[in-house]
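The following exercises concern helix packing, strand pairing and aromatic contacts. Each task is followed by a worked solution.

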Amino acid sequence: MKTTSHISFLFIAICMLAITSCDKKLSYVPKKTLADSLILAATNTQNLDRAIFLSDSLLETGDISIFRNCYIKGSVYLRTGKPQDAEVTLKRALAEKPKDAYDSLFFFQCVKAMVENAVQKNDDEGVLRAALPAYEGLYTLVARPEYTTEAYDILAEILQYVGRSHVNLGMIAEGEKYYDKCYDCIQKVRALDSSWKHDYYATVFLFNIAISYSYKDDYSTAEKWINYAEAITKDMASKENVPDFITDMSWSTYYINRATICNGLGKQKEADQAFAEFKRTQYAKTATAKIHEGEYLLRAKHYAQAADAYAIVYQYLAEYGSEPTFENIDYLTKKFNANYKAGRNDSALNVAAYTFQYLDSAIINEKKNQALELATIYQTQQKDAEIAEQKTSLLQTRVMALLVAIALLTVFFIVYSLLRRRAARMKAAQQRIEGELQIARDIQMSMVPHTFPNREGLDMYASMTPAKEVGGDLYGYLIRDHMLYFAVGDVSGKGVPASLFMAQATRLFQTMADQGMLPAEICTRMNKVLGGDDNVNGMFVTMFVGMLNMDTGHLDFCNAGHNPPVIGGGANHGDFMQMEPNAPIGLWPDLQYVGEEIDSVKGRPLFIYTDGLNEAEDPELRQFGDERLLSILRNTHFDTAQQVIETLAADVETHRNGAEPNDDLTMLCLRVS
């Protein structure tokens, strides 16, 4: 079993790596294209759902390859905590064969992402399964001048993880062989690009290598690698334009690792000197560094000092730990150990009591996080046996934790290891459920069109963004001769039930529009079907259904309890349409719907939306509002329907200011000339 200390030291290295790699995201391309610009813009603004949508759209149009598409989506899933989705997506790319060097580059990016996914799960065997069959192909790619630096970067990172996994699995000689290859790549990259960023990137790898040997108690080998890191850190520090905090954090990481290695080699004087240098850095004052300081002092058996350093643990968990989780109990375990061995029995008992409370909260949080997924399984697949198993497992865990709270402190670590294994099983179940929900989302998104009519005189575009994995909004269109049928709808509720009702409504609209019915007749017949005896939950859908003569501009429509669309033109350059509201579809099956018409809407943009737009909330629960919507549309020059929708989507995102979406958001805009 890997020690939790190893994970702690790798945390700082990974954080450092993120700083230098953030400007590398999606940048391994030979030239800038419109596709690059669109995806980079969505990714850099954290609009990750938009990045996935753009990537899928560009794949359909042939602007990007399957390899780049899977790399973008896999990276997004990893960043948003969906490792199972990431793995499924990345495996899809790895099953294909690259056609050229450009495809190969993104193929190996997918390999690297698969390896990183396995590293996050501490799955050393998974690292080797993902990396060993593929990494040697990168040596062919480095021969291409336009890809040399990028290919060496990818190769160095993969080799580092492969070496680390071999060392963790006890295959020390094999690990050393891959580490040597990694170092060779590092030096080649530095020769190609002398900027400080590649030096810094190199030190992160070397720190990780040294740490892997430290936690195998092979301090002599660890010392060799920390010496390499020292030489490159000195070289980096001598260069111009290196940010001060980068230099300070690099030296801080070097000194605390040097202290650990010297302590393991029995060189106590050198260990004390290195630790003193660490304490002089600015980074040593941070909460994260205090955690690593306590780690070193605990290993050096300076228990009282370690206990003082771990005084920061509660603050650290409050700042970085979010809600209680099993993973964060590592820090409390070390804090208890330091206080107990320092003879601070009262403090140790207080930490133990806090830990059990924290553990109880962690179990409750884990149970809450499972609730939605368990409900989804019940509703969609009737997996009663699986639900019973999960509930039984959670109950047993909680009872055990309460019993241990009154047991001797010496059994604390045994209980903790049992809980970690149990948590791993729960996490695996959670990942399976998330994968099923993603499949449901993919199916739902496939039911709405992502391409729009390419017809002279017609400009049309729509978008749909569910608030959860699956949602209840819908839009669709159908062209029958010179008539364009279109609809936008909003199902009551959210989640899986709403998505199933949405699927029924979408299918019915397409079927009836294909028969040439008028909008009012479509709504009446849909209402009869959806409002029948099978609708035991009383669900309904608001809809706007239109039928547009693309030659004359004549519009027949029926509004079934939906938000009034905005029509352009007129003295105000845009107003909400005044119309018969009707009732939502699905409430009263015998209702006859009233339709209306406009002689011509030629040259007048028509904008239809769901209430996820005007009712979008910011962190203070203030809504976007009808007036703001109308003001934006009146003051936005119509270039294209897509431009109007993307302008409003950006304004809604700005209004939310980081708040989670409170409802699905669907917009459709069209103009006929």
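**Exercise 1: Aromatic pairs**

The structure holds 22 aromatic pairs, where rings of Phe, Tyr and Trp (its six-membered ring) pair if their centres lie within 6.5 Å. The model is predicted: local features need pLDDT of at least 70, side-chain atom pairs count only at pLDDT 80 or more, and totals for chains, interfaces and linings use all residues. Residues are numbered from 1 along each chain as its sequence is written, and side-chain values use heavy atoms, with hydrogens and water left out.

Task: Classify the pair of Tyr179 and Tyr213 and place it in the fold.

Solution. Step 1: the ring centres are 5.6 Å apart and the planes enclose 65°, giving an edge-to-face pair; planes under 30 degrees apart count as stacked, over 60 as edge-to-face and the rest as tilted. Step 2: Tyr179 belongs to helix α10 (residues 172-192) and Tyr213 to helix α11 (residues 196-214), so the pair ties together parts that are 34 residues apart in sequence. Helices (H or I, at least four residues) and strands (E, at least two) are DSSP runs, numbered from the N terminus. Step 3: both Tyr179 and Tyr213 are buried, that is, under 20% relative accessible area (1.4 Å probe, protein chains only). Step 4: ring pairs join Tyr179, Tyr183, Tyr213, Trp225 and Tyr228 in a cluster.

**Exercise 2: Two helices**

Task: Determine how α6 and α7 pack, and through which residues.

Solution. Step 1: helix α6 (residues 101-120) and helix α7 (residues 124-131) pack at about 175°, with axes 8 Å apart. Axes are lines fitted to C-alpha atoms, for helices over the stretch in contact, and angles run from 0 to 180 degrees between N-to-C directions. Step 2: α6 is therefore roughly antiparallel to α7 (angles over 145 degrees). Step 3: α6 contributes Val111, Met114, Val115, Ala118 and Val119, and α7 contributes Gly126, Val127, Ala130 and Ala131; contact means heavy atoms within 4.5 Å.

**Exercise 3: Strand pairing**

Task: Establish the strand order of the open sheet of 5 strands, and its edges.

Solution. Step 1: the order is β2-β3-β4-β5-β8, with antiparallel pairing; two strands pair if DSSP finds at least two bridges between them. Step 2: β2 (473-480) and β8 (596-598) each pair on one side only, which marks them as the edge strands. Step 3: within the sheet, β4 (residues 541-549) and β5 (residues 555-560) are joined by 5 bridges, and Phe544 stands opposite Asn559 in β5. Step 4: helix α23 (residues 519-530) lies across β3 (483-491), β4 and β5, at about 150° to β4.

Conventions. Angles under 35 degrees count as roughly parallel, over 145 as roughly antiparallel, 65 to 115 as roughly perpendicular and the rest as oblique. Buried means under 20% relative accessible area, exposed over 50%, partly exposed in between (1.4 Å probe, protein chains only).
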